[in-house]
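Take a look at the sequence and the 3D structure below. Then read on for a short tour.

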Amino acid sequence: MMELTMNPRRLFLALLIGVIASITAAPSLRAEDAAGTAKTRIEALIAHVRGLEGAKFVRNGSEYSAANAAEFLAKKWQAHEKDIHTPAEFIEQVATKSSTTGKPYVIRSKDGKETNCGPYLTEQLKKLEGAQKK
């Protein structure tokens with residue numbers, strides 16, 4: 001029967017290569033996982049806007065339904081996706097204000113109360129992240 005042995009130097013090199021491979025692979029796996037989490041949270045924010053029953057989304061002085069607002073935010077996100085890596089960046093770069101006029105996006109609830117979209121979605125993100133930690 002043949003005995004499988006490795007000299008100590010080769011064993012050390014094999015172990016070292018394995019450790020280096022696992023260390024270098026781990027950050028990319030974490031980055032993919034974080035990207036998936038970010039995408040999921042952004043999608044949840046867009047879905048939240050879509051579900052704002054009776055609310056109007058005011059953009060550059062015109063009113064839109066919650067469904068139209070969600071569609072608009074999703075398309076704007078898609079157009080800028082390469083520059084957006086976190087839900088906070090999505091809120092700041094896509095969902096806070098018009099990139100053409102600089103006017104803030106506003107959510108007008110059924111009762112007429114108006115809230116700037118950026119701070120509103122930031123609060124929703126905090127709630128979402130708090131719920132996911134539990």
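What percentage of the 134 residues in the chain is buried? The figure is 24%. Keep in mind that this is a predicted model.

## The chain as a whole

The chain has four helices and four strands. Follow the sequence from start to end and the pattern reads α-β-β-α-α-β-β-α.

About 9400 Å² of the chain is exposed. Carbon and sulfur atoms supply 57% of that area. Now take the contacts between residues at least 6 apart in sequence. Of these, 51% join residues at least 24 apart.

## The sheet

The four strands form an open sheet. Their order is β2-β1-β3-β4, and the pairing is antiparallel. Why is one side of β2 and of β4 left without a neighbour in the sheet? Both strands stand at the edges, so each has a single partner strand. From one strand to the next, the twist averages 30°.

Strands β3 and β4 are joined by three bridges in the antiparallel sense. Val106 has Asn116, in β4, as its bridge partner. A helix also packs on the sheet: α2 touches β1 and β2. The direction of α2 makes about 95° with that of β2.

In a regular strand, side chains alternate between the two faces of the sheet.

## The hairpin of β1 and β2

Strand β1 covers 56–59, and β2 covers 62–65. They pair in the antiparallel sense over four bridges. Val58 stands opposite Glu63 in β2. Two residues lie between the strands of this hairpin.

Which residue in the loop between β1 and β2 deserves a second look? Asn60 sits there. Most residues other than glycine have a negative phi. Asn60 is not a glycine, yet its phi is positive, at about 50°. Is Asn60 buried, partly exposed or exposed? Its relative accessibility is 31%, so Asn60 counts as partly exposed.

## Aromatic pairs

How many aromatic pairs are there? The count comes to three. In one of them, Phe57 and Tyr105 have ring centres 5.3 Å apart. Their planes are at 45°, and the pair is tilted. This pair links distant parts of the chain. Phe57 is in strand β1, while Tyr105 is in the loop between α3 (87–93) and β3 (106–108). The two residues are 48 apart in the sequence. Phe57 is buried, because its relative accessibility is 2% and the cut-off is under 20%. Tyr105 is buried too, at 2%.

Trp77 and Phe90 also pair. Their ring centres are 6.1 Å apart and their planes are at 75°, so the pair is edge-to-face. Trp77 belongs to helix α2 (residues 66–80), and Phe90 belongs to helix α3. The residues are 13 apart, and the pair links distant parts of the chain. Trp77 is buried, with a relative accessible area of 9%. Phe90 is buried at 0%.

## A cluster and a charge

Ring pairs also build a cluster of Phe57, Phe72 and Tyr105. Which residue lies over the face of Phe72? Arg59 does, at 3.8 Å from the ring centre. The charged end of Arg59 also sits over the ring of Tyr64, 4.5 Å from the centre of that ring.

How values were computed:
Residues are numbered from 1 along each chain as its sequence is written. This is a predicted model: local features need pLDDT of at least 70, side-chain atom pairs count only at pLDDT 80 or more; totals for chains, interfaces and linings use all residues. Side-chain values use heavy atoms; hydrogens and water are left out. Buried means under 20% relative accessible area, exposed over 50%, partly exposed in between (1.4 Å probe, protein chains only). Contact means heavy atoms within 4.5 Å. Accessible areas come from the Shrake-Rupley method with a 1.4 Å probe; for residues, only the protein chains shown count as cover. Two strands pair if DSSP finds at least two bridges between them. Rings of Phe, Tyr and Trp (its six-membered ring) pair if their centres lie within 6.5 Å; planes under 30 degrees apart count as stacked, over 60 as edge-to-face and the rest as tilted. A charge sits over a ring if NZ of Lys or CZ of Arg is within 6 Å of the ring centre and within 35 degrees of the ring normal. Axes are lines fitted to C-alpha atoms, for helices over the stretch in contact, and angles run from 0 to 180 degrees between N-to-C directions.
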